[in-house]
Amino acid sequence: MINVTKSYLPPQEEYNEYLKGIWQRVHLTNHGPLVTELEERLKDYLGVKHLFFLNNGTIAIQIAIKALDLKNEIITTPFSYVATTSSIVWENCTPVFADIHPKTYCIDPAEVEKKITEKTTAILATHVYGNPCDVEALEKIAKKYNLKVIYDAAHAFGVKYKNTSVLNFGDISTLSFHATKIFHTIEGGAIVTNNDELAHRIAYMRNFGHNGSEDFWGVGINGKTSEFNAAMGLCILPNMDKIIAKRRLLSERYDKILENLGLTTPLIDSKVTYNYSYYPIIFKSEKDLLEVKKILNASNIYPRRYFYPSLNTLNYVNNTPMPISEDISRRVLCLPLYYDLQEVEAKMIGNIILKTLKNI
Ligand SMILES: *Cc1c(COP(=O)(O)O)cnc(C)c1O
């Protein structure tokens with residue numbers, strides 16, 4: 001069976017080495033030495049000032065909203081994983097959708113500006129598939145209207161824009177290290193900021209607000225993570241360049257087979273250093289997509305409809321039509337892409353799609 005993704009696992013002996021240390025120290029969670037070490041190594045690898053390793057990418061978004069003390073309306077993208085929207089609602093704010101750009105599939109700054117009201121407090125945008133938003137245009141809008149900016153960078157691990165980490169834009173960026181993501185700690189996530197004052201708040205917020213064992217800074221939540229999760233991250237991080245290179249190679253194999261079929265892929269700016277975290281293709285019609293999916297499934301190949309449905313159609317938000325997002329989400333399919341996928345398998349998948357589309 002070939003799934004859309006398969007978690008990268010390091011050689012088991014490498015993980016066992018870390019386990020020995022954990023057994024010696026019996027320091028399992030609550031900011032152990034491996035958590036601290038992973039945070040340091042991630043800051044270094046990603047080129048960011050403050051990074052807090054958390055238990056998942058959803059809590060990262062929720063802490064970001066709390067740390068910025070956001071209220072009322074947050075303008076957001078309808079084309080993302082559900083956690084982007086659900087976190088806003090969970091924090092008692094109102095998601096206001098702005099449609100995506102028809103070529104990049106990230107939130108369209110021109111649409112954002114149309115949605116601003118006196119109740120708007122922030123923009124929460126996703127670098128969807130790791131393709132950076134128009135960070136410069138969004139920054140301009142944020143300055144003009146005095147809004148905060150959070151980037152859901154769950155897909156953007158290692159992505160650079162103009163040779164700097166894309167995580168350096170906005171007030172806060174959030175990452176997910178879930179097992180399905182390009183870099184993972186089984187479950188995990190992180191919050192990144194360059195702002196010292198925000199970092200100070202986040203450090204308390206992720207640990208129940210504890211200020212020592214008997215004093216509390218303010219309200220907090222449990223965003224902590226374990227030594228076991230950190231150990232997985234420490235085993236995987238040194239392999240990231242190799243992992244990204246393999247994904248790039250597989251993506252290029254797909255590109256070659258699927259060119260000239262009238263399929264579309266996201267437009268990635270030439271100033272972006274991409275991480276090849278996903279391989280989305282947009283079919284001419286949903287009918288074509290469903291036919292290809294059926295044929296692939298019959299061969300035990302399971303691509304995924306990331307992201308379908310468009311989030312403005314969730315039953316707990318105000319559904320305002322988002323024509324571009326709804327159209328793209330009906331026609332997009334993510335092909336299998338992971339380190340262990342063999343070139344021959346990518347070629348086989350590409351050729352099944354090629355044959356199916358030629359027969360339609
Ligand atoms: C995976 C993902 C999340 C949630 O991350 P978890 O670690 O699974 O909580 C949030 N946003 C996007 C865009 C994601 O893909």
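How many residues surround the ligand, and which are the closest? Let's work through that and a second exercise on this predicted model.

**Exercise 1. Describe the ligand's surroundings, from the shell down to atom pairs.**

Step 1: Start with the shell. 15 residues surround the ligand, and the closest are Thr58, Asp152, His155, Ser176 and Lys181.

Step 2: Look for helices that contribute. Helix H3 (57-67) and helix H4 (82-90) each bring at least two residues to that shell.

Step 3: Go to the polar atoms. Aspartate 152 has a polar side-chain atom 2.7 Å from a ligand nitrogen. On the oxygen side, serine 176 places a polar side-chain atom 2.7 Å from an oxygen atom of the ligand, and for lysine 181 the distance to a ligand oxygen is 3.2 Å.

Step 4: Check how covered the ligand is. On its own it exposes 380 Å², and the protein buries 91% of that.

Step 5: Place it. The ligand sits in the largest pocket.

**Exercise 2. Decide whether asparagine 312 is buried or exposed, and list what its side chain touches.**

Step 1: Find it in the fold. Asparagine 312 belongs to the loop linking strand E13 (301-302) to helix H11 (323-331).

Step 2: Apply the cut-off. Buried means under 20% relative accessible area. Asparagine 312 has 0% relative accessibility, so it counts as buried.

Step 3: Follow the side chain. It makes a polar contact with the asparagine 319 side chain at 3.3 Å, and it reaches the backbone oxygen of threonine 320 at 3.0 Å.

Step 4: Widen the view. Leaving out neighbours within four places in sequence, the contacts of asparagine 312 include Pro78, Phe97, Met322 and Glu326.

Note on methods
Residues numbered from 1 in each chain as written. Predicted model: local features only at pLDDT ≥ 70, side-chain atom pairs only at ≥ 80, totals over all residues. Heavy atoms only, no water. Helix = DSSP H or I, 4+ residues; strand = E, 2+ residues; numbered from the N terminus. Buried < 20%, exposed > 50% of the residue type's maximum accessible area, 1.4 Å probe, protein only. Polar contact = N/O pair within 3.5 Å; in protein donor to acceptor, adjacent residues only side chain to side chain. Contact = heavy atoms within 4.5 Å. Near = heavy atom within 4 Å. Areas by Shrake-Rupley, 256 points an atom, 1.4 Å probe, with all protein chains shown as cover. 1 Å grid on protein atoms, 1.4 Å probe; cavity = no way out; pocket = protein on both sides within 12 Å on 5 of 7 lines; lining within 4 Å. Sits in = over half its atoms within 2 Å of the grid points.
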